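Biologist: I have a new structure open and would like some help reading it. Could we go through it together?

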Amino acid sequence: TTRTLLSEKASQLAAMATALAPAMRACSARASFSTQGDEGRPPSTRRKPPVATGFLRTGREREELMDVERAEQLLQSFDEAHLRRSRGDASVRFDAPEETLEVLRDATVAMCARATHATLGICAASASDGVQTLKGYVSQLGLPRGRLHGMDVNGVAVRVDGPVFIKYNSNTGDADLSGYAGHYRGVLFTPMLADGMFRQYGYLPLTLFEEEVKDA
């Protein structure tokens, strides 16, 4: 009769609801992931914080850079060769063919491009040599430019005679110039990568990027 038919219909609807429940729960879960922040995302799809991209001059392509391991190996080899050549004599300059300098430039650029922070320590025979070196390295490595301190007092230029030491810090882009009584000549390059390891190379040639600056 009518009551029997209604009872059978109710039973069928209950069975359909039971069968569809898992699919409805899955749709609800997917909707929550698409509308909520990272808290509602499964671990594999959560947004990751941006990774520092380092420093690179405009016009250079990251795909063309030397890998970090190769760059580090070359810079370490330079350090060892320069140490053997100088035998502790700070006055010995590094002399190498252009092919070697080109590889050294590429390694320095590659390390700086992966660095989160970098410092330069420039030991030069004069203020003009030191400033020229600073401009070359900062420009060709794509480092930020700030203010140069030590060549004026309250805005009035002062004469700086003799050797100088210039310390540059990428955190501010500023550089500090002071007198230098030592005999070393070159650039101490200290890039800090994301792994936090201490790396320092030098003394790199003062004129390493000189020709590129002239051509720029």
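Biologist: Which pattern does the protein follow, read along the sequence?

Modeller: Bear in mind that this is a predicted model. Going along the sequence, you get α-α-α-β-α-β-β-β-β-β-β-β-α. That comes to five helices and eight strands.

Biologist: How many of the residues count as buried?

Modeller: The protein has 216 residues, and 31% of them count as buried. For the outside, the accessible surface is about 13,700 Å², with 54% of that belonging to carbon and sulfur atoms.

Biologist: Let's pick a helix. What should helix 3 span, at 1.5 Å a residue?

Modeller: You take the rise per residue and compare the expected span with the ends. Helix 3 covers residues 98–113, 16 residues in total, so it should span 22 Å, and its end C-alpha atoms are indeed 22 Å apart.

Biologist: Which residues of helix 3 are buried?

Modeller: Among them are Leu101, Leu104, Arg105, Thr108, Met111, Cys112 and Ala113. As a general idea, an α-helix has 3.6 residues a turn, so residues three or four places apart point the same way.

Biologist: And Phe55, is that buried or exposed?

Modeller: Phe55 counts as buried because its relative accessibility is 14%, under the 20% cut-off. You'll find Phe55 in the loop between helix 1 (2–35) and helix 2 (68–86).

Biologist: What does Phe55 touch, leaving out residues up to four places away in sequence?

Modeller: Its partners include Cys112 and Ala113, both of which are also buried residues of helix 3. Leu143 is another partner of Phe55; the two are 88 residues apart along the chain, yet their C-alpha atoms are separated by 5.8 Å.

Methods. Residues numbered from 1 in each chain as written. Predicted model: local features only at pLDDT ≥ 70, side-chain atom pairs only at ≥ 80, totals over all residues. Heavy atoms only, no water. Helix = DSSP H or I, 4+ residues; strand = E, 2+ residues; numbered from the N terminus. Buried < 20%, exposed > 50% of the residue type's maximum accessible area, 1.4 Å probe, protein only. Areas by Shrake-Rupley, 256 points an atom, 1.4 Å probe, with all protein chains shown as cover. Contact = heavy atoms within 4.5 Å. Expected span 1.5 Å × (residues − 1).
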